[in-house]
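Subject: Structure handover and findings

Hello,

Here is the structure I said I would pass on. My notes on it follow below.

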Amino acid sequence: MSSQLPFFRYHPEPVTTGAVTASGEVCVCCGQARGWIYTASFYTQQDVPGRICPWCIADGGAAERFNGEFADAYCLDGVSWEVLQEVTRRTPSFHAWQDPRWLVHCQDAAAYVGEVGYTKLAAHPEALEQLRTEMRLDGWHDAQQREQFLQSLGHGATAMLFKCTVCGTHLAYTDAS
């Protein structure tokens, strides 16, 4: 098994989040079994007859070969072209019930930390307050209902936690089936 996985600035712990798992599987892009394989989403119109290793994600080879993307660019407003390319074509995505969204802060993509419930989210009050604000803007006017929903995170709904790569602020969005 290869010991040194490539580093992904915007998804620094892909093994912890489950996007990359230990495997003897051969990468469909480079033809090597490197001990690790990517398990989350890849968007392409081509038929990809297998899974991709983290190295082919990091060097852009998989995105180029299969003309695909690992993340959707629709939420990456305000980032540079280079950052957009790094997140969509050279960074592992993550598992989500709905289409994964990549959050932005300080005009840079944020780093994906992982899926969390209320207890872990509460350790990052700025992310919790951001969710409260978004919920109010989305029509959740009853404060008690908002809090009940937030406190239920981890049981049928979850939060996707990110950390700004510039200032360290935590951000989140909710995801549910």
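Which residues does Thr88 touch, not counting residues up to four places away in sequence? They are Glu69, Phe70, Ala71, Asp72, Ala73 and Leu76. Please keep in mind throughout that this is a predicted model.

Thr88 and helix α4

Thr88 sits in helix α4, which covers residues 81-90. The residue is buried, because its relative accessible area is 1%. Its side chain also reaches back along the chain, to the backbone oxygen of Leu84, at 2.8 Å. The general geometry is familiar: an α-helix has 3.6 residues a turn, so residues three or four places apart point the same way.

Thr88 is one of the buried residues of α4, and the others in that list are Val83, Leu84, Gln85, Val87 and Arg89. What do the buried residues of α4 pack against? Their partners are the helices α2 (54-58) and α3 (61-65), together with the strand β4 (108-109).

Overall fold

The chain has seven helices and seven strands. In sequence order they run α-β-β-α-α-α-β-β-β-α-α-α-β-β. The C-alpha trace spans about 55 × 35 × 30 Å along its principal axes. The radius of gyration is 17 Å, and a compact globule of 177 residues would come near 16 Å, so the two agree.

Of the 177 residues, 44% count as buried. The accessible surface amounts to about 9,000 Å², and carbon and sulfur atoms account for 48% of that area. If you take the contacts between residues at least 6 apart in sequence, 58% of them join residues at least 24 apart.

For one separation across the model, take Thr16 and Leu137: they are 121 residues apart in sequence, and their C-alpha atoms are 32 Å apart in space. Thr16 belongs to helix α1, residues 14-17. With a relative accessible area of 64%, Thr16 is exposed.

Cysteines

How many disulfides does a search of the whole structure find? The count is zero. A disulfide here requires two cysteine sulfur atoms within 2.5 Å. The sulfur of Cys56 has its closest cysteine sulfur in Cys53, at 3.7 Å, and therefore the two are too far apart for a bond. Cys164 gives a similar account: the closest cysteine sulfur is that of Cys167, at 3.7 Å, which is too far for a bond.

Are Cys56 and Cys164 buried or exposed? Cys56 is buried at 5% relative accessibility, and Cys164 is buried at 4%.

Aromatic pairs

The whole structure contains ten aromatic pairs. In one of them, Phe94 and Trp102, the ring centres are 5.4 Å apart and the planes meet at 55 degrees, so this pair is tilted. Both Phe94 and Trp102 are buried. Trp140 and Phe149 also make a tilted pair, with 5.1 Å from centre to centre and 50 degrees between the planes. Trp140 is partly exposed, because its relative accessible area is 32%.

Phe94 and Trp102 belong to an aromatic cluster as well, along with Tyr112, Phe162 and Tyr173.

Backbone angles to look at

Most residues other than glycine have a negative phi. Two residues in this model are worth listing against that background.

- Asn67 is not a glycine, yet its phi is positive, at about 45 degrees. Asn67 lies in the loop between α3 and α4. The residue is exposed, with a relative accessible area of 58%.
- Cys106 is likewise a residue other than glycine with a positive phi, near 55 degrees. Cys106 is found in the loop between β3 (104-105) and β4. At 40% relative accessibility, Cys106 counts as partly exposed.

The loop that holds Asn67 runs between α3 and α4, and α3 is among the elements that the buried residues of α4 pack against. The loop that holds Cys106 runs between β3 and β4, and β4 is another of those packing partners.

Regards

Key. Residues are numbered from 1 along each chain as its sequence is written. This is a predicted model: local features need pLDDT of at least 70, side-chain atom pairs count only at pLDDT 80 or more; totals for chains, interfaces and linings use all residues. Side-chain values use heavy atoms; hydrogens and water are left out. Buried means under 20% relative accessible area, exposed over 50%, partly exposed in between (1.4 Å probe, protein chains only). Helices (H or I, at least four residues) and strands (E, at least two) are DSSP runs, numbered from the N terminus. A polar contact is a pair of N or O atoms within 3.5 Å; within protein, one must be able to donate a hydrogen and the other to accept it, and residues adjacent in sequence count only if both atoms are side-chain atoms. Contact means heavy atoms within 4.5 Å. The radius of gyration is taken over C-alpha atoms; the globule rule is 2.2 Å times the number of residues to the power 0.38. Accessible areas come from the Shrake-Rupley method with a 1.4 Å probe; for residues, only the protein chains shown count as cover. Rings of Phe, Tyr and Trp (its six-membered ring) pair if their centres lie within 6.5 Å; planes under 30 degrees apart count as stacked, over 60 as edge-to-face and the rest as tilted.
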